[in-house]
Amino acid sequence: MEAQAQGLLETEPLQGRDEDAVASADFSSMLSEEEKQELKAELVQLEDEITTLRQVLSAKERHLVEIKQKLGMNLMNELKQNFSKSWHDMQTTTAYKKTHETLSHAGQKATAAFSNVGTAISKKFGDMRRK
């Protein structure tokens, strides 16, 4: 008998259409007046608890802001600290160091090349003036 009963029970969670069917079903006719009253009382109690929890959360959030203000912490400072830490962490990576060295070396070569080009142009202008 138990094997047959288990076969009737679904173990999968409700899907969207199943939830819609359950939500639109009217179970109130299946409940006694006493059960309805108990459920209504439980509903009121749950709503009161939710309201209380929202008030407690709001008070804790205000307290958190006050503590952060006293410590001199604000959103901008936190962002600066996070950015500074991230920048430092990135600079210590091997990839960053290698890239920095390569670009630094390339920059030195480019500077030297531009200097040589500038010297050559100056020399050409000087030669043109003399002629």
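In this predicted model, D89 and K85 are joined by a salt bridge, with 2.9 Å between the closest N and O atoms. Both residues belong to helix α4, which spans residues 75–91. They sit four residues apart, or about one turn of the helix. The two partners differ in how far they are open to the surroundings: D89 is partly exposed because its relative accessibility is 35%, whereas K85, at 53%, counts as exposed because the cut-off for that class is over 50%. As a general point, side chains of opposite charge can pair when their charged atoms come close.

The salt bridge in helix α4 is one of four in the structure. Another links E33 with K36, and here the closest N and O atoms are 3.8 Å apart. These two residues lie in helix α3, and because they are three residues apart, about one helical turn separates them. E33 counts as exposed, since its relative accessibility is 54%. K36 has a relative accessible area of 23% and is therefore partly exposed.

A further salt bridge is found in helix α5, where the side chains of R130 and D127 meet at 3.3 Å, N to O. R130 and D127 are three residues apart, again about one turn of the helix. With a relative accessible area of 69%, R130 is exposed, while D127 is partly exposed at 29%.

Charge also gathers on the surface without such pairing. E34, E35, E38 and E42 together form a negative surface patch. One of these residues, E38, lies in helix α3, the helix that also holds E33 and K36. E38 is partly exposed because its relative accessibility comes to 48%. That value is over 30%, so E38 passes the accessibility cut-off for a patch.

What kind of surface patch do V117, I121, F125 and M128 make? Their patch is nonpolar and covers about 400 Å². V117 is part of helix α5, residues 94–130, the helix in which R130 and D127 are also placed. Is V117 partly exposed or buried? V117 counts as partly exposed, because its relative accessibility is 45%.

Stepping back to the whole chain, the secondary structure consists of five helices and zero strands. Read from the N terminus, the order of elements is α-α-α-α-α. How much of the chain is buried? Of its 131 residues, 1% fall into that class. The protein chain exposes about 12,500 Å², and 59% of this area is supplied by carbon and sulfur atoms.

Confidence in the prediction can be followed along the chain as well. The mean pLDDT of the protein chain is 84, and 81% of its residues reach 70 or more. Among the elements, helix α3, residues 33–70, has the highest mean pLDDT, at 95. This is the helix that carries the E33 and K36 pair and also E38 of the negative patch. At the other end of the scale is helix α1, residues 2–8, whose mean pLDDT of 51 is the lowest among the elements. Where pLDDT is low, the predicted coordinates should not be read in detail.

Conventions
Residues are numbered from 1 along each chain as its sequence is written. This is a predicted model: local features need pLDDT of at least 70, side-chain atom pairs count only at pLDDT 80 or more; totals for chains, interfaces and linings use all residues. Side-chain values use heavy atoms; hydrogens and water are left out. Patches are made of residues with over 30% relative accessible area and no salt bridge: like charges are joined within 9 Å, nonpolar side chains (Val, Leu, Ile, Met, Phe, Trp, Tyr) within 5 Å. Accessible areas come from the Shrake-Rupley method with a 1.4 Å probe; for residues, only the protein chains shown count as cover. Buried means under 20% relative accessible area, exposed over 50%, partly exposed in between (1.4 Å probe, protein chains only). pLDDT is the predictor's confidence in each residue, from 0 to 100. Lys and Arg count as positive and Asp and Glu as negative; His and the chain ends are not counted. The place of a charge is taken as NZ of Lys, CZ of Arg, CG of Asp or CD of Glu.
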